[in-house]
Amino acid sequence: MLDGKVALVTGASRGIGRAIALELARQGAKVAVNYAGSEQKAQDVVDEIQQAGSEAIKIQANVSSEEEVKSMIKQVVEQFGSIDILVNNAGITRDNLLMRMKEEEFDQVIDTNLKGVFLTTKAAARPMMKQKGGKIVNIASVVGVSGNAGQANYVAAKSGVIGLTKTSAKEFASRNIIVNAVAPGFIETDMTDELRDDQRESMQNMIPLARLGTGEDIAKVVRFLASDDANYITGQTIHVDGGMVM
Amino acid sequence: MADVLERVKGIVKERLDVDESKITMEASFKDDLEADSLDVVELVMELEDEFDMEISDEDAEKIETVGDAVNYINSNQ
């Protein structure tokens, strides 16, 4: 499905990003695994992809730094010759009630989760414009649509990502660069592993399909949007949340 | 100087698909050569590759005519 394509997945050492990197590789893509701090985990993803017979490299970069992002894109193009697919997945949380949220907690989340998408899109669009096409998939969140108490920073960033997705789609459409977003709901990750049973149960009660999602649930939709099967879809946000936010 | 102009002309001609006679030093990319904003961004990218230089976003915004591009390249190479 993605044979010979080159993909960069940001924040790919863990969780949803990891599942996306592995899925794109399974479909034949060469994958650049970006990470900020978890070098060993990024190496594990690279090893897993290589053992399965595909190509992968890991690249350390903080997506909120323009300099680091530019150098990351350069490395991908130098190593693999192009960049066909960009998945903006890197994200952090600093949850707090709005009245308790510190300015730095707000800024950190906006910098990584929103500005990071802008910077990486800008840098990757350059080679994509030259090669006359590309696919960008931004990982938003359904809370960017519904709102969520305790996550003012995260929700603002994810809403921003949805708007950025629409604007990038409009600006780049004439250059055959397709931009869409995937909005996950509650997904099984390190974060949800820590929930108590009663918390988990109350979450499940909010989900019509009555289960938490998996990284693979997200990765399969990303894989579709990154493929040529999605050539007539741009600027959209696909909810992958078991029906939680409609 | 002439060499830079000729190389710029070549890139502009290919990228914008316009008649070479229209590509003068005074020609504005947007007004005279029918480029849209994104065309100009791409042109600047190609000039960077052709002349092996980096043009900052700030400087790139000031490049409106063929002459602006030629002068910028001449004074920054």
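**Exercise 1. Arg175(A): buried or exposed?**

Task: Decide how Arg175(A) should be classed, then find where it sits and what it touches.

Solution:
- Step 1. In this predicted model, Arg175(A) has a relative accessibility of 12%.
- Step 2. Buried means under 20% relative accessible area, so Arg175(A) counts as buried.
- Step 3. Look next at the chain around this residue. Arg175(A) belongs to the loop of chain A that runs between helix 6 and strand 6, the latter spanning 177-184.
- Step 4. Now list the contacts, leaving aside neighbours within four places in sequence. In chain A, Arg175(A) is in contact with Met129(A), Lys132(A) and Gly133(A). In chain B, Arg175(A) is in contact with Asp36(B), Leu38(B), Asp39(B) and Glu42(B).

**Exercise 2. A serine with an annotation**

Task: Which UniProt annotation covers Ser37(B), and is this residue buried, partly exposed or exposed?

Solution:
- Step 1. The record, an unreviewed UniProt entry, gives "modified residue: O-(pantetheine 4'-phosphoryl)serine" for Ser37(B).
- Step 2. Ser37(B) is part of helix 2 of chain B, which covers residues 37-51.
- Step 3. The relative accessible area of Ser37(B) is 48%. Partly exposed lies between under 20% and over 50%, so Ser37(B) is partly exposed.

**Exercise 3. Two neighbours in helix 6**

Task: Describe the surroundings of Tyr154(A) and Asn153(A) in chain A.

Solution:
- Step 1. Start with the record: an unreviewed UniProt entry lists Tyr154(A) under "active site".
- Step 2. Place Tyr154(A) in helix 6 of chain A, which takes in residues 152-172. Asn153(A) also has its place in helix 6 of chain A.
- Step 3. Check the accessibility. Tyr154(A) has 16% and therefore counts as buried. Asn153(A) has a relative accessible area of 0%, so Asn153(A) is buried.
- Step 4. Set aside residues up to four places away in sequence and read off the contacts. Tyr154(A) touches Ile92(A), Thr93(A), Val109(A), Asn113(A), Ser141(A) and Val143(A). Asn153(A) touches Arg94(A), Met101(A), Glu105(A), Phe106(A), Val109(A) and Ile110(A).
- Step 5. Try a distance as well. Asn153(A) and Leu98(A) are 55 residues apart along the chain, and their C-alpha atoms are separated by 8.4 Å.

**Exercise 4. Chain A as a whole**

Task: How many helices and strands does chain A have, and what does its radius of gyration tell you?

Solution:
- Step 1. Count the elements: chain A has nine helices and seven strands.
- Step 2. Compare the radius. A compact globule of 246 residues would have a radius of gyration near 18 Å, and the 17 Å of chain A agrees with that. The C-alpha atoms fit a box of roughly 50 × 35 × 35 Å along the principal axes.
- Step 3. Turn to burial and contacts. Of the 246 residues in chain A, 50% are buried. Among contacts with a separation of 6 or more, 72% join residues 24 or more positions apart.
- Step 4. Add the record. The unreviewed UniProt entry lists residues 5-185 of chain A for "domain: Ketoreductase". That span is 51% helix and 18% strand, and its end C-alpha atoms lie 28 Å apart.

**Exercise 5. Chain B as a whole**

Task: What pattern does chain B follow along the sequence, and how are its charges arranged?

Solution:
- Step 1. Chain B contains four helices and zero strands, which read along the sequence as α-α-α-α.
- Step 2. For 77 residues, a compact globule would have a radius of gyration near 11 Å; the value for chain B is 11 Å, which agrees. Its C-alpha atoms fill a box of roughly 25 × 25 × 20 Å.
- Step 3. In chain B, 45% of the 77 residues count as buried.
- Step 4. Chain B carries 7 positive and 25 negative side chains, and the centres of the two sets are 4 Å apart.

**Exercise 6. Positive phi angles**

Task: Where do Ala210(A) and Asp52(B) lie in their chains?

Solution:
- Step 1. Recall the background: most residues other than glycine have a negative phi.
- Step 2. Ala210(A), which is not a glycine, has a positive phi of about 55°. Ala210(A) lies in the loop between helix 8 (197-205) and helix 9 (215-225) of chain A, and at 49% relative accessibility counts as partly exposed.
- Step 3. Asp52(B), also not a glycine, has a positive phi of about 50°. Its place is the loop between helix 2 and helix 3 (57-60) of chain B. With a relative accessible area of 71%, Asp52(B) is exposed.

Note on methods. Residues are numbered from 1 along each chain as its sequence is written. Chains are lettered from A and ligands numbered from 1 in the order in which they are written. This is a predicted model: local features need pLDDT of at least 70, side-chain atom pairs count only at pLDDT 80 or more; totals for chains, interfaces and linings use all residues. Side-chain values use heavy atoms; hydrogens and water are left out. Helices (H or I, at least four residues) and strands (E, at least two) are DSSP runs, numbered from the N terminus. The radius of gyration is taken over C-alpha atoms; the globule rule is 2.2 Å times the number of residues to the power 0.38. Buried means under 20% relative accessible area, exposed over 50%, partly exposed in between (1.4 Å probe, protein chains only). Lys and Arg count as positive and Asp and Glu as negative; His and the chain ends are not counted. The place of a charge is taken as NZ of Lys, CZ of Arg, CG of Asp or CD of Glu. UniProt positions are given in the numbering used here, feature names are shortened, and annotations may be inferred rather than shown by experiment. Contact means heavy atoms within 4.5 Å.
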